[in-house]
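Work through the exercises below with the sequence and the model open. Try each task before reading its solution.

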Amino acid sequence: MNASKKVAAVTGANRGLGFETSRQLARLGIQVVFTSRDPSKGKAAAGKLLEEGLQVVYHPLDVTSFESIEQLAQFLRQEFGRLDILVNSAGILPDPINSEAGSVFNAKVETLRTAMETNVCGPLLLCQALIPLMKEGNYGRVVNVSSGMGQLSDMNGGYPAYRLSKTSLNALTRILADELKGTNILVNSVCPGWVKTDMGGPNAPLTPEQGVETIVWLATLPDGGPTGGFFRDKKPIPW
C-alpha cells in the first residue's frame, strides 16, 4: 500500500449514508475499511463498490461489542499501520413510529439503553480504540453522524430514545474536540438532513449522494479546519 494513502474506517457501511460515504471517500482515492455488523450484507455491499473499481476492504464490526472494536483496531494497525478518518455512521432508531407509543411518557428504559449503546457508546469506544492511531500519524478526522432531532435548540416531542442518543453524541463530539485541542485531529457532528435511506424512508427529499456531501467534506477537512462543531449543508448549526 502507498504509505501516503489515507485510510478511512466507516461504520454501518452496508447501507444508506455509510454506504454512500464509503463510495465517495473511495472515489477520492482514500482506502476505505468498510464495516458492518452483518458480514454477509457487508461483503455483498462492499462487493458492489469493488465492482466499481473502488478501493474498499471489508471488516466485520459490531459497535456494541468491545471485542469487535478491538479486533478492528488490531486489523487497522497490522494491515495499514494508520487511520486517518473515522466516520461513525452506524445508528439505530428504535422508538415506536406510532405517536402515542412513541411518546416520552410511554418510553421504555430498555429502548433508551438500546439507542444509547449503539448511537453513543459505540462511537465512544471506537474513538477510544482508534484515535491513538491517529495521534501516531498526527492527523485525524472524526465525523459523528448525528441528526437535527438531537438539537436542543429545536427539540420536539416523540422519538425520545433516538433524540436523547443524538444529543448525547453531540456532547461526545464537544468533549472529544476539547480534549484533542492542539492536535491535528478534528472532531465534528453532522446532520445529513432527511435522506432516502432505510431509516429516512422513500418520502425523504434528499438522495444519499446529497446526504453525504457534508460528511465527506468534514472527513476531508484541511489542517486548521473547524472542530467541535455541528454542521448541515457545510454550515454550522446551533446545538
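The buried residues of α5 pack against α4 (109-137), β5 (140-145), β6 (185-190) and β7 (230-232). Buried means under 20% relative accessible area with a 1.4 Å probe, protein chains only; helices (H or I, at least four residues) and strands (E, at least two) are DSSP runs, numbered from the N terminus. The model is predicted, so local features need pLDDT of at least 70, side-chain atom pairs count only at pLDDT 80 or more, and totals for chains, interfaces and linings use all residues. Residues are numbered from 1 along each chain as its sequence is written, and side-chain values use heavy atoms, leaving out hydrogens and water.

**Exercise 1.** Find the expected span of helix α5 and compare it with the model.

Solution. Step one: the expected span is 1.5 Å times one less than the number of residues. Step two: α5 has 20 residues (160-179), which gives 28 Å. Step three: the end C-alpha atoms of α5 are 29 Å apart, in agreement.

**Exercise 2.** Which residues of β6 are buried on each side?

Solution. Step one: on one side, Ile185, Val187 and Ser189 are buried. Step two: on the other, Leu186, Asn188 and Val190 are buried. Step three: 6 of the 6 residues of β6 are buried, so β6 is largely enclosed by the rest of the structure.

**Exercise 3.** Describe how β6 pairs with β5 and β7.

Solution. Step one: strands pair if DSSP finds at least two bridges between them. Step two: β5 and β6 run parallel, joined by 6 bridges, and Gly140 has Ile185 as its bridge partner. Step three: β6 and β7 also run parallel, with 2 bridges; Ser189 stands opposite Phe230.

Conventions
Contact = heavy atoms within 4.5 Å. Buried < 20%, exposed > 50% of the residue type's maximum accessible area, 1.4 Å probe, protein only.
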